[in-house]
Amino acid sequence: MAEVTRDLIEEAIKGYIEPHLEQDLISAKAVKDIDIQGDQVKLKIELGFPAKGFHGELIAQVSKLVESLEGVSKAEIKII
């Protein structure tokens, strides 16, 4: 099993371009915390605009990217 690192997580997240910001969440500095505990990853994302109706889609897209990494079984995304 590959070791899950912050760099791997960030590279995966860069694969998602946030449509309102028109850039990835890492470049937009929207990812506030990455917590890796074995094969589980917890992320905190802060958007600089109201987006309640968009949270579900964002969480699903980012979770899919992170969970596609070898060594990650679950990604928990929290929008703060």
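In what order do the 3 strands of the open sheet lie, and what is the sense of their pairing? In this predicted model, the strands are arranged as β3-β4-β5, and the pairing within the open sheet that they form is mixed. The edges are taken by β3, which spans residues 31-37, and by β5, which spans residues 74-79, each of these strands pairing on one side only. On average, and with direction ignored, neighbouring strands of the sheet are turned by 15° against each other.

The pairing of β3 with β4, the strand made of residues 40-45, is antiparallel and extends over 6 bridges. Within this part of the sheet, isoleucine 34 is placed opposite leucine 43 of β4.

Two helices lie across strands of the sheet. Helix α1, comprising residues 6-13, lies across β3 and β4 and runs at about 130° to β3. Helix α2, comprising residues 55-67, lies across β4 and β5, and its course makes an angle of about 150° with β5. Strand β4 is thus crossed by α1 and also by α2.

The count of salt bridges in the model comes to 3. One of them joins arginine 6 to glutamate 10, with a separation of 3.1 Å between the closest N and O atoms. These two residues are 4 positions apart in helix α1, so that about one helical turn separates arginine 6 from glutamate 10. Arginine 6 has a relative accessible area of 40% and is therefore classed as partly exposed.

A further salt bridge is formed between lysine 14 and glutamate 11, whose closest N and O atoms are 3.4 Å apart. The two partners fall into separate accessibility classes: lysine 14, with a relative accessible area of 35%, is partly exposed, whereas glutamate 11, at 51% relative accessibility, counts as exposed, the threshold for that class being over 50%.

Lysine 32 and glutamate 46 also meet through their side chains in a salt bridge, with an N to O distance of 4.0 Å. This pair links distant parts of the chain, given that lysine 32 belongs to strand β3 while glutamate 46 lies in the loop between β4 and α2, 14 residues away. Lysine 32 is partly exposed, its relative accessible area being 43%, and glutamate 46, at 38% relative accessibility, likewise counts as partly exposed.

Definitions and conventions:
Residues are numbered from 1 along each chain as its sequence is written. This is a predicted model: local features need pLDDT of at least 70, side-chain atom pairs count only at pLDDT 80 or more; totals for chains, interfaces and linings use all residues. Side-chain values use heavy atoms; hydrogens and water are left out. Two strands pair if DSSP finds at least two bridges between them. Axes are lines fitted to C-alpha atoms, for helices over the stretch in contact, and angles run from 0 to 180 degrees between N-to-C directions. Contact means heavy atoms within 4.5 Å. Buried means under 20% relative accessible area, exposed over 50%, partly exposed in between (1.4 Å probe, protein chains only).
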